[in-house]
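User: Could you take a close look at one part of this model for me? I would like to hear about a single exposed or partly exposed side chain first, and then how its surroundings fit into the rest of the chain.

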Amino acid sequence: MRLLGFLTVLFFFTFSVFSQNKKFTYTQFDVTVSIKGNPDKDEENPYTHEKGTWFLPDGLGSKFGYGIHYKKWIGLGIHSGINWEWTDKLVVVPVFANFRLSPLIGNDTRITLQLGLGKAIAVGRGGLMGDYKKISLGIQNADDIILFVELNHYSFPINNQRDSGNISLGLSLITF
């Protein structure tokens, strides 16, 4: 809760300091597909004589966030969304603070690192809640579309495991 209080104070302070600037806020929308390794990747299909794929889809996710930025280079926001994991039969709603760093690596290309920290609530699991952490790394183009790889971690026990998480591939749209 202290983190949310700090972020609220930071938002109000930033709004008052930069009130002369035209636009210093952003919105972000992400869509992700989580993947897992295919245990049958080496087995050959008897009809097509092809081997299986290395990875299989294992869930879907979507997140939305709002925050402040400085020249698209650095940003801080509040984000939430929903992640659905098929293998664990788990639906998670994370609420987290998101820190983004996006330095230019070309004329219109940025590399984007995002770190998230907050809480995750498992839907339909009787009040199961824990810490949420995420990290993503992606490439952002001139249209502010990001292709990224993301790691999610939930610190609550599920299916005889101490914690849970996933690896996702995603697409993000940012509006500055």
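Analyst: Happy to! In this predicted model, L169 has a relative accessible area of 42%, so this leucine counts as partly exposed. L169 sits in strand β8 and belongs to a nonpolar surface patch of about 950 Å². Its partners in that patch are F99, I105, I111, L113, L115, I135, L137, I139, V149, L151 and I167. Four strands, β5, β6 (129-140), β7 (145-154) and β8, each supply at least two residues of the patch. For the wider surface, the chain has an accessible area of about 10600 Å², and 66% of that belongs to carbon and sulfur atoms.

Now follow β8 to its pairing. This strand covers residues 164-175 and runs antiparallel to β1, with nine bridges joining the two. One place to see this is Q28, whose bridge partner in β8 is I174. Strand β1 (residues 25-37) also pairs with β2 (residues 55-70), again in the antiparallel sense, over 13 bridges. There, V31 has S62 as its bridge partner. Overall, the chain contains one helix and eight strands, and the helix comes before the strands in the sequence pattern α-β-β-β-β-β-β-β-β. Contacts between residues 24 or more positions apart make up 53% of those with a separation of 6 or more.

Next, the interior. Of the 176 residues in the chain, 36% are buried. The largest nonpolar core has 10 residues: L90, V92, F96, A120, A122, L128, Y132, Y154, F156 and I158. Two elements give two or more residues to this core, β4 (90-101) and β5 (110-122), and β4 gives the most, with three. Apart from this core lies another, of five residues, including Y26, I146, F148 and I174. You have already met I174 as the bridge partner of Q28. Back in the 10-residue core, A120 is a handy residue to click on: leaving aside neighbours within four places in sequence, A120 is in contact with V92, V93, P94, L128, M129, G130, D131, Y132, Y154 and F156.

D131 in that list leads on to the charged pairs. Side chains of opposite charge can pair when their charged atoms come close. The structure holds four salt bridges. In one of them, the side chains of K119 and D131 meet at 2.9 Å, N to O. K119 lies in strand β5 and D131 in strand β6, so this pair ties together parts that are 12 residues apart in sequence. K119 is partly exposed at 44% relative accessible area, and D131 is partly exposed at 33%.

A second pair is E150 with K134, whose closest N and O atoms are 3.2 Å apart. Because E150 is in strand β7 and K134 in strand β6, the pair links parts 16 residues apart in sequence. Both E150 and K134 are buried, and together with K63 they are linked in a network of salt bridges.

Finally, K72 and D144 meet in a salt bridge through their side chains, at 3.2 Å, N to O. K72 lies in the loop between β2 and β3 (74-85) and D144 in the loop between β6 and β7, so this pair ties together parts that are 72 residues apart in sequence. K72 is partly exposed, with a relative accessible area of 25%, whereas D144 has 10% and counts as buried, because the cut-off for buried is under 20%.

Conventions:
Residues are numbered from 1 along each chain as its sequence is written. This is a predicted model: local features need pLDDT of at least 70, side-chain atom pairs count only at pLDDT 80 or more; totals for chains, interfaces and linings use all residues. Side-chain values use heavy atoms; hydrogens and water are left out. Two strands pair if DSSP finds at least two bridges between them. A nonpolar core is a set of buried Ala, Val, Leu, Ile, Met, Phe, Trp, Tyr and Cys residues joined through side-chain atoms within 4.5 Å. Buried means under 20% relative accessible area, exposed over 50%, partly exposed in between (1.4 Å probe, protein chains only). Contact means heavy atoms within 4.5 Å. Patches are made of residues with over 30% relative accessible area and no salt bridge: like charges are joined within 9 Å, nonpolar side chains (Val, Leu, Ile, Met, Phe, Trp, Tyr) within 5 Å. Accessible areas come from the Shrake-Rupley method with a 1.4 Å probe; for residues, only the protein chains shown count as cover.
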